[in-house]
Structure formats: structure tokens, C-alpha cells
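I opened the model to look up its nonpolar packing, its cysteines and one histidine. My notes follow in the order I checked them.

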Amino acid sequence: AAHASLQEALAIARPLGDSPEMGHALTFLSNIEESRGHHAEARRLLTDCAALFRRLGDEHSRAYVVINAIEPDEPFSAARRDFEEALGVLRAHDDAWNTSRALRNLAVVALREGQFGEAQRRFEECLAMQRELGDRWLISRTLNHLGDIARSTGDLAAAERRYRESQAEEK
């Protein structure tokens, strides 16, 4: 019912031009599509939403959408550029939670590119923010990534320590 209502609202709103409400409706629709397992449609809706917020000049909302719409495993140069831009906007708005998520996404890109120093630096900054925010799930994921870096660079003792810390956060 919510899905049909949102689609109807968008059909009515589109001819009236861009609006923040249309952006929020696109975000909600994307969440519904994602929960249904329609990942490509969810991504398309978020991409449309990011473009709409850019046209509206709402860079903070656009940054939020970008860190959710783009997967860190997309073509690295495009993902890196968009995440860097989003990070700057989110920092300027003192949006700590989404800033930590943008840092995490940039760290994942660096990790996949084999840039372990950059990945570690970004994950460490992300971890410090997440600890302040108390997001145990993201803390656990970040510690696990730091364990992956340590393992990849041959520091097995540090890897084991990070993996244990990660498990402790999950309890």
C-alpha cells in the first residue's frame, strides 16, 4: 500500500517540478525496493534522487543519498570522487554519523585498490567517530576491516586482536 501511494504521489508531483518532498519520496521508494530485493531499481531511484537534490542545490541531502546509493565496489574512480565530495559536504554540516559512513565507504574503496595505508587511516578515523556515536554494529564492521588490513599486510597478531575486538562488539 505504501509503495502504491508513493508511486501515485510521484506521478502527481513530477509535472509540478522538483521538490524536496519528491526526493524524500524517491528515497522511501528505494528503501521499499531494496527490502523487496530489487537492488537495481533501488539504486536507480537513489541515483535519480541524488540528481534531484543536486538540481535543488541541497548538497547535504544529496551527500546522504550518495553514500547510500553508490556501492564501494562500483568503478573505483567514480565512487571515490562521489564519496570524497559527499564527505566534504557532510563534514561541513557536522553530520557525524553520515561522515563516518562516507569515511567507511572511502576506506573500502582504498582497501579494494590495495591502498592499505589510506584504508587504515580512513577506517581509524571512522572508528573513532563510531565509538563516539556508540554504533556497535558499525564499530564491529570497521574493526573487522582493520583486521583484514592487518592480515593483508602480514601483521597476524594485530589481525587477531582486531577480529577479537570486532566479535566483542557484537555481543
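I started with a cysteine, keeping in mind that this is a predicted model. C126 has 0% relative accessibility, so I logged C126 as buried. C49 also comes out at 0% relative accessibility and therefore counts as buried.

Next I searched for disulfides. A disulfide is a covalent bond between the sulfur atoms of two cysteines. My search of the whole structure returned zero disulfides.

Then I turned to the nonpolar cores. In soluble globular proteins, nonpolar side chains tend to be buried together. I found that the largest nonpolar core holds 29 residues. L10, L26, V65, I67, F83, A86 and L90 are the members with the most contacts inside it. I checked which helices feed this core: helix 1 (2-13), helix 2 (20-35), helix 3 (39-56), helix 4 (59-69), helix 5 (76-92), helix 6 (96-112) and helix 7 (116-133) each give at least two residues.

I also noted a second, separate core of 11 residues, with L111, A119, F123 and I139 among them.

I looked at L26 by itself. Leaving out residues up to four places away in sequence, L26 touches L10, R14, L45, D48, C49 and L52. The buried C49 is thus one of the contacts of L26.

Last, I looked up H145, which sits in helix 8 (residues 136-152). Is H145 buried or exposed? Its relative accessible area is 16%, and the cut-off for buried is under 20%, so H145 is buried. Again leaving out residues up to four places away in sequence, H145 touches R104, V108, L111 and F123. Of these contacts, L111 and F123 are included in the second core.

Technical notes. Residues are numbered from 1 along each chain as its sequence is written. This is a predicted model: local features need pLDDT of at least 70, side-chain atom pairs count only at pLDDT 80 or more; totals for chains, interfaces and linings use all residues. Side-chain values use heavy atoms; hydrogens and water are left out. A nonpolar core is a set of buried Ala, Val, Leu, Ile, Met, Phe, Trp, Tyr and Cys residues joined through side-chain atoms within 4.5 Å. Buried means under 20% relative accessible area, exposed over 50%, partly exposed in between (1.4 Å probe, protein chains only). Helices (H or I, at least four residues) and strands (E, at least two) are DSSP runs, numbered from the N terminus. Contact means heavy atoms within 4.5 Å. A disulfide is a pair of cysteine sulfur atoms within 2.5 Å.
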